[in-house]
Amino acid sequence: MGDQKEPVALLRKWKVTLIEVLSMDPSPVLQLSDSRGLISRLQYNKIKAIQDPAEKIESLLDLIIDKGNGMAQVFLELLKIVQKDYPRLPSELIGGSDVLCDLQTAKKKHKHCVIRDNGKIVEYNSLPWESILISERYTPLLMVEYQKPFEDTVQELMGRGSYQAKAMVRNKSKVSLEHLFQTKGDFQNPKLLILLGVAGVGKTTLVQKLMMDWALGKLYQDNFDFVFCLKCRELNLLTGKQSLVDVLLLNHNYLLPSIGQILKHPEKILIVIDGFDEFRFPICQLQHQLCTKTDEPRNIDNLLASLLRRGLLPEACLILTTRPSALEQMKVIKADGCFEILGFPEEHREEYFQHFFADEAVAAQAFQHIKENEVVYTMCYIPIFCWIVCTVLKEQGKFVNNYPQTATEIFVHFIIISVKYHNFSGQAGLRACLQKLSKLAFCGVQENRIIFYPEELKAAGLELQDMTSLFCTEILVKEVVGTFSVYSFIHLTVQEFLAALSFFICDNCTLESFYDLDITLRFLFGLTNPSSQNQLAQHIGPFSPAATAQANHWLQVNIELYTTSAWSGEFFMKLLYALFEKNDARVTKEALATATSIGLPSTPLSKVDCLVIRNVFQQGNVPCNMEFNLEGGDLSDGLHVLAPVLHKFGRLFFHENPIGDKGVVHLYPVLQRTDCQISFLDLMGTGITDEGMPGLSAAIAQNNSIKELDLWGSGITDKSIQHIHHMTLNCPTLETITLHGEKFSKTGRQRLDNLTSVKPSFKVRWSMNDYCW
């Protein structure tokens, strides 16, 4: 192509001819020059406004020539892309070029740039010039095969840590990046995989590690010649129509000469789409008119839908990362596999503390306090939550006397630490800043958004110059995407905490607008705690008394309503979390004083749910003969956690809760307590068999409160008759036992009925159908 070292001279030589050829239709070359960044949008608009087509092209060529040989070379390569629109282009300008056209050279260049762009990580509140080599800081994350239905959008922070252990048992072993594309089960040669994980669990860092390992030759060398990462934050900022070629070259302009050859082998391409939940445009409704050509410009939502629904590059492999909240949109996507990222395994949580604290003894002490608070410890599966907890503990210095007990208290301390060393021209300045931040946070939580744009900051009253303060950079992180900036809170939970704070320090907030925001609602009630309010008020001024009174009244009314009626379920679990985060023993005792029934039927309870329930009941005085209904749920993870408070209840219902023989073991010490209040125990359909009866019988034999035991629907047979005899004759209060007659022989049923002759107050109850022999 002439003198490769002097592309400017080449353009000057052919300038007159180029003006003549390109002015026949300036649009293709102008639009491509704009989308590829050869000219600025302002320059593009000025050229577009010129009436004479020849003058348009002359102005474009003058700009390119003025930018020097580098840009001139890119323009020459661009002419190859548009040559079909301009068949009269001189062959000297579009002839063969050895610059990056060799795919091996292109691959080498691409790997070099991937290493450059992914080799370092920036921690949560680091300054722009502070970074750490990913090889020195990356901690392996737990990833397992996802087996829940897409409709199951689970709680995003509390409860997920306790899910790790169960997931490990179910999946036997973790899944590694190396094994993602292995053929398994019904999926032969998987092409589209989903990596699922809650906010802040490490999805983007895992993608960064994947990119680095591929570029370093450690991963997928036989699978893929080129790996690209498309960040949805960047895709959101693209305006007008874009082709897939445009999008792939957005951060890889050096591949311009060889992109055509690269795309001729889509089976050797992996495209990672990171942060699908952050994508601004819905794709679930795009069922028709999918794009099929890589150089065809489309709206960015159509382009992404075309990739995911395999209209575009169907032979290429895709990895999609997302939060569970976006699963609804993905029903139209036919994925070949879904894997869940579960954050830090337990052993890596302790390792994180050791890295954070320079002193090993201090690290061990801090970690021990975290382990003793199971709710906070469980939440530490999120890397950034580990960092927040460690930051709070490090600032406190001594942990024993004033250790935060709830998530709300953790975040109260974190905010205080963040503002402690910053000058806001007094309390009023800080309050004004937090009012704006919390208003922005609340709007985002309401709309399920974690990404904010400069115009949204301005609408919330946050001027861009405010973002330079150290406090704001610790709370609201700026990310530069090309020539644009976007902002996000350092973690979704920080955003939810500040959203809750808005109820107390901003005007015109109503409690009704928080009802469906589970985590934010928990923080809101946690912020009604007088101690938390007083600590924050020292820095930001008083909380609204009216807002506090409104929240307290709402909680009191609903607790009374749900503990004196048959109403129950997930909403009541919200109330229990509210009491837990409020952490006020007096209020909890008053709330439970008139309770007659607590019901969570058909409500799946995680280990953390059970910890919260236990804490509330330990704080409150459970009235005698109070009913606790746990029927139809699943307590396989949490019965042992609830056990220490179950003796306080008068009536316990585990109906159809599959606790089985392994679960019933946790009831033995409950029944053996001298202060046990249980008079009715419903174990109907819980899966207990003859194997579990010896222990249950021995426990009930030592009980002095139980009057009625329901074992109907269990797998108990004649083998357990001797154990039923034992507990009946040794428990002085036991009067009735309900059994499944079909499981017993005629002789066995008669032997049990004859117990009445030994203990006249006792009877065996069979269903009418069971008793027909």
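**Close-up views of a predicted model**

**Figure 1. Strand β4 is a well-covered strand with a parallel neighbour on either hand: β7 and β8.** In this predicted model, β4 spans residues 192-196 and is mostly covered, with five of its five residues buried. Look at how the side chains split: L192, I194 and L196 point one way from β4, L193 and L195 point the other way, and all are buried. The pairing with β7 (residues 317-322) is parallel and runs over five bridges. In that pairing, L193 stands opposite I319. With β8 (residues 337-341), β4 pairs over four bridges, again in the parallel sense. Here L196 of β4 sits opposite E340 of β8.

**Figure 2. Strand β7 pairs with β6 as well as with β4.** β7 is mostly covered too: six of its six residues are buried. C317, I319 and T321 point one way from the strand, L318, L320 and T322 the other way, and all of them are buried. Two threonines, T321 and T322, are thus on the list of buried residues. Four bridges join β7 to β6 (residues 269-274), and these two strands run parallel. To find your place in this pairing, look for I271 in β6, which stands opposite L318 in β7.

**Figure 3. L313 has a positive phi in the loop leading to β7.** This leucine lies between α15 (300-308) and β7. Its phi is near 45°, a positive value in a residue other than glycine. Is L313 buried or exposed? L313 is buried, with a relative accessible area of 7%.

**Figure 4. E656 also has a positive phi, in another loop of the chain.** The loop in this view connects β13 (651-653) to α32 (660-664). E656 is not a glycine, yet its phi is positive, at about 60°. At 44% relative accessibility, E656 counts as partly exposed.

**Figure 5. Seven strands line up in an open sheet with parallel pairing.** Read across the sheet, the order is β11-β12-β13-β14-β15-β16-β17. Which strands stand at the edges? They are β11 (597-599) and β17 (763-765); each has a single partner strand, so one side of each is left without a neighbour in the sheet. On average, neighbouring strands of this sheet are turned by 10° against each other, direction ignored. For a closer look at one pair, take β15 (residues 708-710) and β16 (residues 736-738), which pair in the parallel sense over three bridges. There, E708 stands opposite T736 in β16.

**Figure 6. L683 is one of the two residues that touch the most other members of the largest nonpolar core.** That core has 178 residues, and L180 shares the top spot with L683. Leaving aside neighbours within four places in sequence, L683 is in contact with F654, I659, V664, L667, I688, L696, L709, D710, L711 and S714. Among these partners, L709 and D710 fall within β15, which covers residues 708-710. Apart from this core lies another one, of 76 residues, among them L79, A316, A326 and C338.

**Figure 7. R36 is a buried arginine with a polar contact to D246.** R36 is in the loop between α3 (27-35) and α4 (41-49). At 9% relative accessibility, R36 counts as buried, because the cut-off for that label is under 20%. What does the side chain of R36 make a polar contact with? The partner is the side chain of D246, at 2.9 Å. Not counting residues up to four places away in sequence, R36 touches L78, I81, V245, D246, L249, N253 and L256.

**Figure 8. C676 is a buried cysteine that is in no disulfide.** A search of the whole structure turns up zero disulfides. For C676, the nearest cysteine sulfur is that of C731, 9.5 Å away; a disulfide would need the two sulfur atoms within 2.5 Å. C676 is buried, with a relative accessible area of 7%. Another cysteine, C506, also counts as buried, at 19% relative accessibility.

**Figure 9. The whole chain, for orientation, has 37 helices and 17 strands.** Of its 773 residues, 55% are buried. Among contacts with a separation of 6 or more, 75% come from residues 24 or more positions apart.

Note on methods:
Residues are numbered from 1 along each chain as its sequence is written. This is a predicted model: local features need pLDDT of at least 70, side-chain atom pairs count only at pLDDT 80 or more; totals for chains, interfaces and linings use all residues. Side-chain values use heavy atoms; hydrogens and water are left out. Two strands pair if DSSP finds at least two bridges between them. Axes are lines fitted to C-alpha atoms, for helices over the stretch in contact, and angles run from 0 to 180 degrees between N-to-C directions. A nonpolar core is a set of buried Ala, Val, Leu, Ile, Met, Phe, Trp, Tyr and Cys residues joined through side-chain atoms within 4.5 Å. Buried means under 20% relative accessible area, exposed over 50%, partly exposed in between (1.4 Å probe, protein chains only). Contact means heavy atoms within 4.5 Å. A polar contact is a pair of N or O atoms within 3.5 Å; within protein, one must be able to donate a hydrogen and the other to accept it, and residues adjacent in sequence count only if both atoms are side-chain atoms.
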